[in-house]
Structure formats: structure tokens, C-alpha cells
Amino acid sequence: MPLLRYFPLVLACVITLILQALSSAEFPITYIRSAILAGEWWRLFFGGWIHHNLVHLVMNLLALCLIWLLLSRHRPPWCCLFLLSIQVVMVDLALLLFSPMTEYYWGLSGALHGLFALAALDLIVQTEKQGWWWLLGLLAKLLWDSVHTDSWTSELIATRVHAESHWLGAISGMVIGLLLVGWRRWKQ
């Protein structure tokens, strides 16, 4: 059944919405560096699912849907959900280790950059030339984010665009992608 193929994507959106609704002082899951260092390690698993406001949430969920279409061309839908979850944890962990100035972090954008990098690598491995263009586009976007402050997006989401998480997500997506390629080749 073709609609069942999108069930993991719908589940990812529902998980995001539920965690967003649950995030509060009574259910502390937002990425807060000082809280994580004080022993609230579970924030590494949930923090990246939480968004700063409704506009931020909708923007990231729409981006997730578009990236999912690209990623699911070469990966099973449940694998896409698993990779998204891994990317959320990888970005949160990378922020903790490599971005000590980041006290708070909201959103899936870092993980989405990782999924995009993974999808581009999948296309390259399948010898689809457009994969190189997707990867080049991602690099151009990352460089643009690093030198240009996007005030329009910052105003919409009521927080700064966190370029560091985009870089860390893209790097972790490439590392995971290369490990998966190596694993596939080793199994053969």
C-alpha cells in the first residue's frame, strides 16, 4: 500500500508535535547545555525535536517532508525515521562537544542538514550526477549561513539561525553516510 510508505514520516511529525507540546518545566527536554552538564543527559535525545515557536516548527516540518522525499528514494521509510533520530542525537552531542558557546538550541535544522547530506551521498553512490549538485548546493548554503546573518528568518523564528548546528549536522550526515557505504561494501 503506497500510503503506508509515508507512515514513518507522519510518525516523525507526530513525535515532533508531541514533544513540542510536552516540553515544559514539568517535562524538561529542551537542549540546555548547563542542564546537560549537570546530569540531565536525556536532553541530548529530545532537545533537537523542540522548536522555538510555531513558525519555526512548521518551517522545519515542511523541510523534513521535502528532504524525506529525496532521502526515501534510496532508503526504506523506517530507515529514514531511524536516521532522523540518530541525526538529532548526533547534532545535540556535537553541539555539546564542539560548540561550548551554545547554551540553548532549538529545532530539527541541524538534523535536516545531516539528512540532506546523506541523501546527496546516496545519489552519488547510485551514480546519479545530481547528487554532486545537491552536495555543492548544501555547501554553498552552509557557507552563506556562515557569512550572512539571515535577519528575516531570525525574526520569523524569534531566535538566531544557528549555522553551527547546520555545519555539525551536515558533517555528521556525511560521516554516517560514509559509514553506511563502507558497511554495505564490506557486507558484499
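**Exercise 1.** In this predicted model, decide whether Cys13 is buried or exposed. Then find how many disulfides the structure holds.

*Solution.* Start with accessibility. Cys13 has a relative accessible area of 15%. Buried means under 20%, so Cys13 is buried. Next, look for a partner. The closest cysteine sulfur to that of Cys13 is in Cys65, 4.5 Å away. A disulfide needs two sulfur atoms within 2.5 Å, so this pair is too far apart for a bond. Now take Cys80. The nearest cysteine sulfur belongs to Cys79, at 5.9 Å, and Cys80 is in no disulfide. Cys80 is buried too, at 0% relative accessibility. The count for the structure is zero disulfides.

**Exercise 2.** Work out which parts of the chain the salt bridge between Arg75 and Asp122 links.

*Solution.* Check the contact. The side chains of Arg75 and Asp122 meet at 2.8 Å, N to O. Place each residue. Arg75 lies in the loop between helix 4 and helix 5, while Asp122 is in helix 6. They are 47 residues apart, so the pair links distant parts of the chain. Both Arg75 and Asp122 are buried.

**Exercise 3.** Explain how Asp145 and Lys141 are placed in helix 7.

*Solution.* Count along the helix. Asp145 and Lys141 are four residues apart, so about one helical turn separates them. An α-helix has 3.6 residues a turn, so residues three or four places apart point the same way. The two side chains form a salt bridge, at 2.4 Å from N to O. Asp145 is buried at 16% relative accessibility, whereas Lys141 is partly exposed at 34%.

Methods:
Residues are numbered from 1 along each chain as its sequence is written. This is a predicted model: local features need pLDDT of at least 70, side-chain atom pairs count only at pLDDT 80 or more; totals for chains, interfaces and linings use all residues. Side-chain values use heavy atoms; hydrogens and water are left out. Buried means under 20% relative accessible area, exposed over 50%, partly exposed in between (1.4 Å probe, protein chains only). A salt bridge is a side-chain nitrogen of Lys or Arg within 4 Å of a carboxyl oxygen of Asp or Glu. Helices (H or I, at least four residues) and strands (E, at least two) are DSSP runs, numbered from the N terminus.
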